[in-house]
Amino acid sequence: MDVYSQLEARGGVSSARSLIAAGVARDDVRRALAAGAILRVRHGVYGLGRAAPVVLLAAAHGGAVACVSALALAGVWILGDHSLHVWLGPKGRKHPHDGCHCVDHHDGEHSGFGVVSVERALIQAARCMGAECFFVAFESAWRLGLVSASDRASIRSALPARLRRLVDIARPDADSGLESLLRLRLGELGIRLDCQVWIDGVGRVDFVLAGRIILEVDGRLNHDGPSLRHKDLLRDATAAAAGLETLRFDYALVVHSWPLVEAAILARLSATAPKLQEQL
Ligand SMILES: [Zn+2]
Ligand SMILES: [Zn+2]
């Protein structure tokens, strides 16, 4: 048994004990180590030099990349920044290392190295990070084709009862994490959200709230550049001429200052309601 294929089969990292139990000769481990093709992650644990750095760091800590860290590695949209989340199994012990701010997970019946499945990572994220982070990641993973119908069903049954409805209202077609987040938050206020709406004369807008307010969420850099600013003003004026109001926020406001954004949306909606009633 060669050490490389055994490490590859275990997600790039393994304990020396498992390698030897699988038939790898101790001399092969020593030779690969001397050649620099594998490295000692910590005492008794070896990794492929080409394994993802985050996989090696999780192994140094004592386990597998988990929760939001595993989801981020799979390309799933994650709300906010986070430190490394590591799955240690029910009895696994952490091994603090330089710069260690890892978040430990102890679910499951066994442990291992590498990266946990997207299904397990989503269940971990629901318990660890809360409803919004889970919902955004779940819709993103679904959109990316990373969770099958049976995965979704088993995720739902593994969630605490209060979070199961999030699986029921999730959709596979969210264009961005921001859309998922806005739909969830506005849904709780009873406000309908339409995404990527084409409006004649204005063009495609990010969102329309309750059929009457345009919501643009700006993620662009250098947005204050004069030509972009002029374009935005032109769009807003064209929309206003068509009887539509525009609210414009940036990503940080939506994510970090939601009470202010919510208050602005509710105030604008209540101010526009009478006009609609007049038209009816
Ligand atoms: Zn976590
Ligand atoms: Zn750590």
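Select the zinc ion (ligand 2) in this predicted model and measure out its surroundings by eye: the four donor atoms subtend angles of 99 to 118°, which makes the arrangement tetrahedral. Four donors count as tetrahedral if all angles lie between 85 and 135 degrees, and donors here are N, O and S atoms within 2.8 Å of the metal (3.2 Å for Na, K and Ca), with water not among the atoms, so sites may look incomplete. The atoms to display are ND1 of His61, NE2 of His97, SG of Cys100 and SG of Cys102, which coordinate the zinc ion (ligand 2) at 2.1 to 2.2 Å. Along the chain, these donors follow the spacing H-x35-H-x2-C-x1-C. If you colour by accessibility, Cys100 shows up as partly exposed, with a relative accessible area of 23%, where buried means under 20% relative accessible area, exposed means over 50% and partly exposed lies in between (1.4 Å probe, protein chains only).

A note on conventions before moving on: residues are numbered from 1 along each chain as its sequence is written, while chains are lettered from A and ligands numbered from 1 in the order in which they are written. Local features need pLDDT of at least 70 and side-chain atom pairs count only at pLDDT 80 or more, whereas totals for chains, interfaces and linings use all residues, and side-chain values use heavy atoms, with hydrogens and water left out.

Next, select helix 4, residues 53–61, whose buried residues are Val55, Leu56, Ala58, Ala59, Ala60 and His61; helices (H or I, at least four residues) and strands (E, at least two) are DSSP runs, numbered from the N terminus. His61 in this list is also the residue that gives its ND1 atom to the zinc ion (ligand 2). Add the strands around the helix to the view: the buried residues of helix 4 pack against strand 1 (13–15), strand 2 (38–42), strand 3 (45–48), strand 4 (64–65), strand 5 (85–87) and strand 6 (103–105), contact meaning heavy atoms within 4.5 Å. Just after helix 4, look at the backbone of Gly62, which takes a positive phi of about 130°.

From the strands just added, pick Ser15 in strand 1, which at 18% relative accessibility counts as buried. Its side chain is joined to that of Ser18 by a polar contact of 2.9 Å, that is, a pair of N or O atoms within 3.5 Å, of which, within protein, one must be able to donate a hydrogen and the other to accept it, and residues adjacent in sequence count only if both atoms are side-chain atoms. Leaving out residues up to four places away in sequence, Ser15 touches Gly44, Val45 and Phe113.

Now move to the zinc ion (ligand 1), where SG of Cys67, ND1 of His85, NE2 of His105 and SG of Cys128 coordinate the metal at 2.1 to 2.3 Å. The four donor atoms subtend angles of 106 to 112°, which makes this arrangement tetrahedral, and the spacing of the donors along the chain is C-x17-H-x19-H-x22-C. Two of them link distant parts of the chain, His85 in strand 5 and Cys128 in helix 6 (residues 118–129), 43 residues apart. Of this pair, His85 counts as buried at 3% relative accessibility, and Cys128 as partly exposed at 30%.

Stay with helix 6 and select Gln124, which is buried, with a relative accessible area of 3%. The side chain of Gln124 reaches the backbone nitrogen of Cys67 at 2.8 Å, and Cys67 is one of the residues coordinating the zinc ion (ligand 1). Not counting residues up to four places away in sequence, Gln124 touches Ala66, Cys67, Trp87, His105, Asp107 and Val116.

Two backbone positions come next. Most residues other than glycine have a negative phi. Gln196, in strand 7 (residues 193–199), has a positive phi of about 50° although it is not a glycine, and is partly exposed at 34% relative accessible area. Ala210, in the loop between strand 8 (203–209) and strand 9 (213–218), likewise has a positive phi of about 50° and counts as partly exposed at 26%.Finally, colour by domain: domain 1 (1–50), domain 2 (52–172) and domain 3 (177–279), with bounds from an automatic or database domain assignment. Between domain 2 and domain 3 the buried area is about 940 Å², meaning the accessible area (1.4 Å probe) that two parts lose on being put together, summed over both. To finish, select Trp77, Glu132 and Arg171, which supply 44% of the area that domain 2 buries against domain 3, more than any other three residues.

Conventions:
Tetrahedral: all angles 85-135°; square planar, octahedral: opposite > 155°, others 65-115°.
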